[in-house]
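Reader: I would like a close look at a single part, namely the strands and whatever packs around them. Please take it slowly, and give the cut-off behind each term when it comes up.

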Amino acid sequence: MSQHTATHHGHAHGDGHGHPHTPGDPHGAGDQHRPCSHHSGAPLDWNEIAPLLEQQAETESPAYADAAAWLGTLAPAQGVRRVLDVGSGPGVVTGVLAEAFPAAEAVAVDGSPELLARAQERAGERGLGARVSTLHTELPAGIAELGKADLIWAGNSLHHIGDQRAALIEFAGLLNPGGLMVLVEGGLPARHLPWHIGFGRPGLEARLDAANADRFAEMRAETPGHKDEPDDWRALLADAGLTPAGTRTFLTDVPAPVSPVVRGLALAHFARVRDSFDDRIDAEDRAALDRLLDPADDLSLHHRTDLFYLAARTVHTARKG
């Protein structure tokens, strides 16, 4: 559903294009199949990365559509005139929200001009260009620039803001009376492989999740303005002056055998895990990842018939007034 991130400079990229680090996200280690710029220091080529990010979000788009349909029961569609997709990436979820709320302008908000250009292009391709606009801004400094809204979707972007409580208070201030705040945070780490994969120690993905949880904690601690805040999203929403309106979790279930697109996403995910977790996993697990990525190995991701994709995203909502 991406899975993107904010950088330590305050960019926010949420569900539309992935975000590494989140311990409860589908994809755990390297969610949404996006490279992590926080630790490498290398500039990202968004034009190169965007197609992969879109494929990831499109794989999860049925679950996003289910979530948007549920939001329509909480905020009647004809009353929603302006939607903010905070951390939009290439705009997959922006389009889903625009379709779910046909009377609304949907605004893709992101820190990457390249991804925002793709969001606008996607909207045009889907006949939504007249109702989808983009806004390039840095978060949290740019929250005040976003303008009033009837629905704010923050898809796995809030946890990349140091002071989450303060950001939620600012977001709440942007909502019109009766407006809905939507946080996509938590869920379950994704699974791609069975517990026993035929080599190495069973339970590889569980150990990768544990390594990712440690990395996420480091990312949070290094985020500018970091406040140590428990992830009690209902309480944080209430403390921002909003009335919790319900929480639901939405499933993406792509069973084996998978399509070439889903296989390619899994390969990208595990390749990034192998590169970025080298110092966090033991030699046996590194060797297992090498085998999974070796096209000459019959048990690699290139050839496995048991490869699947199972992920869950949790959506928290609260209403103003």
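Author: What follows goes from strand pairing to the core, and then to the loops and helices around them.

The model is predicted, so local features are described only where pLDDT is at least 70 and side-chain atom pairs only at pLDDT 80 or more, whereas totals for chains, interfaces and linings use all residues. Residues are numbered from 1 along each chain as its sequence is written, and side-chain values rest on heavy atoms, with hydrogens and water left out.

Helices (H or I, at least four residues) and strands (E, at least two) are DSSP runs numbered from the N terminus, and two strands are said to pair if DSSP finds at least two bridges between them. With that in hand, β4 and β5 run parallel and are joined by six bridges, one pair of bridge partners being Trp153 and Val182 in β5. Together with α6, these two strands make a right-handed β-α-β unit; right-handed here means that, with the strands pointing away from the viewer, the path from the first strand over the helix to the second runs clockwise. β5 also pairs with strand β7 (residues 309–320), in this case in the antiparallel sense and over eight bridges, with Leu183 standing opposite His316 in β7.

A further parallel pairing, over five bridges, links β2 and β3, and in it Asp110 faces His136 in β3. Between these strands the chain passes through helix α5 (residues 113–125), and the resulting β-α-β crossover is again right-handed.

Which residues touch the most other members of the largest nonpolar core? They are Leu84, Ile152, Phe171 and Met181, in a core of 26 residues; a nonpolar core is a set of buried Ala, Val, Leu, Ile, Met, Phe, Trp, Tyr and Cys residues joined through side-chain atoms within 4.5 Å, and buried means under 20% relative accessible area, with exposed over 50% and partly exposed in between (1.4 Å probe, protein chains only). Two or more residues of this core come from each of β1 (82–86), β2 (105–110), β4 (149–155), α6 (164–174), β5 (175–191) and α8 (233–239), and α6 gives the largest share, five residues. Such grouping fits a broader tendency, since nonpolar side chains in soluble globular proteins tend to be buried together. Met181 gives a detailed view of the packing: leaving out residues up to four places away in sequence, its contacts (heavy atoms within 4.5 Å) include Ile152, Leu168, Phe171 and Leu237, as well as His316 and Thr317. A second, separate core has 23 residues, among them Leu204, Ala211, Leu267 and Tyr309.

The loops beside the strands also repay attention. Thr137, in the loop between β3 (132–136) and β4, is buried at a relative accessible area of 5%. Its side chain makes a polar contact with that of Glu145 at 3.0 Å, where a polar contact is a pair of N or O atoms within 3.5 Å, one of which, within protein, must be able to donate a hydrogen and the other to accept it, while residues adjacent in sequence count only if both atoms are side-chain atoms. Thr137 also touches Val109 and Asp110, among others. In the loop between β3 and β4 there is also Pro140, whose peptide bond from Leu139 is cis, with omega near 5°.

Asn156, in the loop between β4 and α6, has a phi near 50°, a positive value in a residue other than glycine, and it is buried at 0% relative accessibility. Most residues other than glycine have a negative phi, and most peptide bonds are trans. A cis bond also joins Ala256 and Pro257, with omega about 0°, and Pro257 lies in the loop between β6 (242–254) and α9.

Helix α9 (residues 260–276), with 17 residues, reaches 24 Å from its first C-alpha to its last, close to the 24 Å expected, that span being 1.5 Å times one less than its number of residues. Its buried residues include Leu265, Leu267 and Phe270, but also Arg263, His269 and Arg272.
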